[in-house]
Each structure stands twice: as structure tokens, then as C-alpha cells.
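Student: Please take a close look at one part of this protein with me, the largest nonpolar core. I would like one connected answer.

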Amino acid sequence: MKQSFLMVVLTFCVFSQYTFSQETVENPEKYTANNKGKFYIYWGGNRESYSKSDIRFKGADYDFTIYDVEAHDKPKGLHVDYINPARMTIPQTNFRIGYYISNHYNVSLGVDHMKYVMYQDRRVNYSGYYPNAGSYNENPSSNQLTLDYQFLTFEHTDGLNYINTEIARVDDISFIFKLPNTDKFQINTVAGIGGGILFPKTNAKVLTMERHDDFHVSGFGASAKVGLNFTFFKHFFIQAEYKTGYIEMNDIRTTNNPVDKAEQNFWFVQRLINIGGIFRI
């Protein structure tokens, strides 16, 4: 009786193992079904829009503010510089590396290499004082002046470097499009928030003084983003993002004299297209 019982149990175990193995082979878990423990990295390009900004310039013998200053980015367009290691910092680019702490959440560190260029030859309101007013082709009158090149140039073109950390949530929405195999093609939504420091190399010429030409921690920023991620063959993806944020820079170096500084704050909107990979180590 005991031997018969053992035979039944053994047969059941063997059958169960065989059945489970068959199901695993026929219906293997998708690599894309679980993200926890994966790393990802991406590289891409961006375009920016900026809000108007009040910019204050101050030094030993001047202290003036120009109001509602407009600025633009400096796009490179489709160019080989995006993949040329020696010239990758010339275009507007984004780099990020991250790690999934759960199936839906990841933390990351990245650099948004944006560019900010003040529009020239525009009439703006101003207040304050500076030496030799009227001698820089700026034509001051009625609390207004012209942003002439002889008077002032101001740009963060190497660049407006936003070094930041993010936490983001990723959700697979492939089922909406009835995609049968997410290991071949998967669609995810992305949403996240972040914050970090501004480390620009500001190109400014103030009242004909020699410009400062070095990187400098100038302030901080915060941002939020949404996007879509398209993953191909488990490991490769294209990610489109829309990011908005606030930048506060209260310690901008403008000349070789450390006394000379500028300060400003503004909002930005950034559009990004990135290519990358996701993997387990």
C-alpha cells in the first residue's frame, strides 16, 4: 500500500514538473514584463523655448537691470556633430543614465545641454546706473535702451548645462494597441520630476570688459516631464519627451573680475528626442 502511494505521488510530481516546463517553454515570461534591476542609458537632441527674464548686472562701478529680456536657443539641426565624440557638446544634447528600483520607477542622473542666447538690437526697459552711459550705441532715454553689441552680449552657449537627478514612472501601454509580443515592440508612457544645478559656461561682454570663459556653478533648477518610449527587440528604444522647468541663477560669472556678476530666473520648455538601450548587468 505504501509503495503504491509513493508511486502515485512520484507520478504526480513528474507529470506536474513536465506540464510546468511545457507551459514555460510555450509561454515564457517576456523580458519587457519586468524592469526592476535594469539599467538604461540614452543620448539625444533638444529644442528650447524660454520665458522673458529680468537680468541684473552688477560690479564695482555699475548696477543695472534690463527687463523682460527675450532669448532663443541655438539649434544645430541634423548634423554629424551629434555622434562625433570630439564635437558632441556643440549641438544641444541630452545624456542620461538610470536604474529601475522597481518595475515602474527609476532614478537617473543626466545633463541637459541647452543653449540660451539673448536677442540683440531690441529696445528694453532698464533701471540702475553704469559708467559712460550713451557711449555704447545703446541710446538710453525714458528708462529704455537698445541691446547693442557694443553695450552688452549675453548667452549661455557652452551651454546652459542643467545637471540633474530625476525619478520617473514608466507604464506599458502596449495592450491598448493590441501588440502581441512586447519583446519585439513595446510602447510605454513616461512621467517624472527632477532637480539639480546649473553649470554654464556663460559668454557675456558687459560694457566692453573682457568676458569670463570658464564653467561655473551659477544656480539651480527644477523640472517635470512626460513622454513616450518605443522599445524595440527588448534592448533598444527611442524616447520622445516634453519637459518644462524653472531656473534660478543668482551667481553668473560675466567678466574676469570676480566682483562682476549677473543674476536671472526664467521658465523653459524643452522638446527632446533620445535613442538608448536598456539592459541588466
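Tutor: Among contacts between residues at least 6 apart in sequence, 69% join residues at least 24 apart. Keep in mind that this model is predicted. The protein has 14 strands and 1 helix. Of its 281 residues, 41% are buried.

Now to the core you asked about. In soluble globular proteins, nonpolar side chains tend to be buried together. The largest nonpolar core here holds 32 residues. Five of them touch the most other members: Phe57, Ile66, Tyr130, Phe154 and Leu160. Eight strands each supply at least two residues of this core. They are β2 (53-58), β3 (63-69), β6 (105-118), β7 (123-129), β9 (152-172), β11 (202-206), β13 (236-253) and β14 (261-279). The largest share comes from β9, with 4 residues.

Zoom in on Phe57. Leave out residues up to four places away in sequence, and Phe57 still touches Tyr62, Asp63, Phe64 and Ile66. Further along the chain, its partners include Leu152, Phe154 and Val206. Thr254, Lys261 and Ala262 are also on the list of residues that Phe57 touches. Two of these partners, Ile66 and Phe154, are themselves among the core members with the most contacts to other members.

There is also a second core, separate from this one. That core has 8 residues, among them Tyr100, Ala168, Val170 and Val190.

Go back to β9 for a backbone detail. Gly159 lies in this strand. The peptide bond that leads from Asp158 to Gly159 is cis, with omega near -10°. Most peptide bonds are trans, and most residues other than glycine have a negative phi.

That second point brings up two loop residues. One is Lys178, in the loop between β9 and β10 (185-198). Lys178 is not a glycine, yet its phi is positive, about 55°. Is Lys178 buried or exposed? Its relative accessible area is 74%, so Lys178 is exposed. The cut-off for exposed is over 50%.

The other is Thr208, in the loop between β11 and β12 (219-232). Thr208 has a positive phi of about 70°, and it is not a glycine either. Its relative accessibility is 58%, so Thr208 counts as exposed too.

Finish with the outside. The protein exposes about 15,100 Å². Carbon and sulfur atoms supply 61% of that area.

Terms used. Residues are numbered from 1 along each chain as its sequence is written. This is a predicted model: local features need pLDDT of at least 70, side-chain atom pairs count only at pLDDT 80 or more; totals for chains, interfaces and linings use all residues. Side-chain values use heavy atoms; hydrogens and water are left out. A nonpolar core is a set of buried Ala, Val, Leu, Ile, Met, Phe, Trp, Tyr and Cys residues joined through side-chain atoms within 4.5 Å. Buried means under 20% relative accessible area, exposed over 50%, partly exposed in between (1.4 Å probe, protein chains only). Contact means heavy atoms within 4.5 Å. Accessible areas come from the Shrake-Rupley method with a 1.4 Å probe; for residues, only the protein chains shown count as cover.
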